[in-house]
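Work through the exercises below with the sequence and the model open. Try each task before reading its solution.

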Amino acid sequence: MVADAVIYHPTVSHYLKFVATTVGRDKLLRTLQYFSRFYAWYLLRTNGTAAEVAPFEAIKRQFGLARKLLRVGKNVEHLKAAAAAADSKAGGGVAADPVLRYAAVGRQLGYAGYLTLDAATVLDALGVRRWDGAKRAQREAYRFWAAGLLCSVVAQAYTLYRLREREARVDKKEGEGVVESKRIALERGASQLQLLSDLCDLTAPTSALGWVGFDDGFIGLAGTVSSLIGVYLQWKKTA
């Protein structure tokens, strides 16, 4: 039957695995949140009515709050990752390169600081208990987020530089050289995708802190791009 063919299709099983993960649900909500941020800005710029803008403003606000709740407790995960990166011994890969190791520690600590301060503002955001220091805490959270993203940008830029060095030493006339060249191409693609995601994400905290003057339209589009990248990567992980 058609219904059975749809229900038992591998894509449906893959989708269920994807939405069963907190990261998967968060990336979907994030995509809708940032697209709504962009589209609300677009409607305002094109003389849209308040009634037209209101649904997208509501999605942006409510999905942002839902994601804030989903993030509570994730700071521990990043603290553990920072400790693991700091304790890693030189034995190959990231652990053997101090630049990548320090960048990994900085990125994880930045995210941990962001999530810790962000969680501290949850009750205020929900309206359960007002806190005069919530705005300051959120601003400091953005500083940590930006710091973590900058460390990730440094790591990806350095990785691309090292990949170019590796590629220059490859002899593509040999069988092993061809395999190594393909491996480098895959690593480069992954690094470039992560770099693009990080640069897009940087628009949000840097604008909130007043370091740059991006408008909601640009931030919304950049956030949508990085969110779709996150959906794609998480989809691949759950394959």
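**Exercise 1. Classify glutamate 77 by exposure, then find its charged partner.**

Solution. Start with the area. Glutamate 77 has a relative accessible area of 48%. Buried means under 20%, exposed over 50%, and partly exposed lies in between (1.4 Å probe, protein chains only). Glutamate 77 is therefore partly exposed.

Before going on, note the basis: this is a predicted model, where local features need pLDDT of at least 70, side-chain atom pairs count only at pLDDT 80 or more, and totals for chains, interfaces and linings use all residues. Residues are numbered from 1 along each chain as its sequence is written, and side-chain values use heavy atoms, with hydrogens and water left out.

Next, the partner. Glutamate 77 forms a salt bridge with lysine 74, at 3.0 Å from N to O. A salt bridge here is a side-chain nitrogen of Lys or Arg within 4 Å of a carboxyl oxygen of Asp or Glu. Lysine 74 is partly exposed at 25% relative accessibility.

Last, the spacing. Both residues lie in helix H5 (residues 74-87), three residues apart, about one turn of the helix. Helices are DSSP runs (H or I, at least four residues; strands are E, at least two), numbered from the N terminus. An α-helix has 3.6 residues a turn, so residues three or four places apart point the same way.

**Exercise 2. Which helix holds both arginine 143 and glutamate 140, and how far apart are they in sequence?**

Solution. The helix is H8, and the two residues are three apart, about one turn. Their side chains form a salt bridge, with the closest N and O atoms 3.3 Å apart. Now check exposure. Arginine 143 is partly exposed at 35%. Glutamate 140 is partly exposed at 29%.

**Exercise 3. Trace the salt bridge of arginine 37 across the sequence.**

Solution. First, the partner: aspartate 216, with the closest N and O atoms 3.1 Å apart. Second, the location. Arginine 37 sits in helix H3 (residues 22-45) and aspartate 216 in helix H10 (residues 216-237). They are 179 residues apart, and the pair links distant parts of the chain. Third, exposure: arginine 37 is partly exposed at 22%, and aspartate 216 is partly exposed at 30%. The structure holds 16 salt bridges.

**Exercise 4. Which residues have the most contacts inside the largest nonpolar core?**

Solution. They are Tyr34, Tyr114, Trp145, Leu149, Leu202 and Ala204, in a core of 17 residues. Helices H6 (98-120), H8 (134-168) and H9 (175-208) each supply at least two core residues. H8 gives the most, with seven. A nonpolar core is a set of buried Ala, Val, Leu, Ile, Met, Phe, Trp, Tyr and Cys residues joined through side-chain atoms within 4.5 Å.

Now take one member. Leucine 149 touches Tyr111, Asp198, Asp201, Leu202 and Pro205, not counting residues up to four places away in sequence. Contact means heavy atoms within 4.5 Å.

**Exercise 5. Compare the span of H9 with its expected length.**

Solution. H9 has 34 residues. The expected span is 1.5 Å times one less than the number of residues, which gives 50 Å for H9. The end C-alpha atoms are 51 Å apart, which agrees. Glycine 210 follows H9, and its phi is positive, near 80°.

**Exercise 6. Is arginine 71 buried or exposed, and where does it lie?**

Solution. Arginine 71 is buried, at 13% relative accessibility. It lies in helix H4. Arginine 71 touches Tyr114, Leu115 and Asp118, not counting residues up to four places away in sequence.

Leucine 69 is also found in helix H4 (residues 50-71). Leucine 69 is partly exposed, at 41%.

**Exercise 7. Describe the whole chain: how many helices, how many strands?**

Solution. The chain has 10 helices and zero strands. Its C-alpha atoms fill a box of roughly 65 × 55 × 35 Å, taken along the principal axes. Of the 239 residues, 35% are buried. Among contacts with a separation of 6 or more, 72% join residues 24 or more positions apart.
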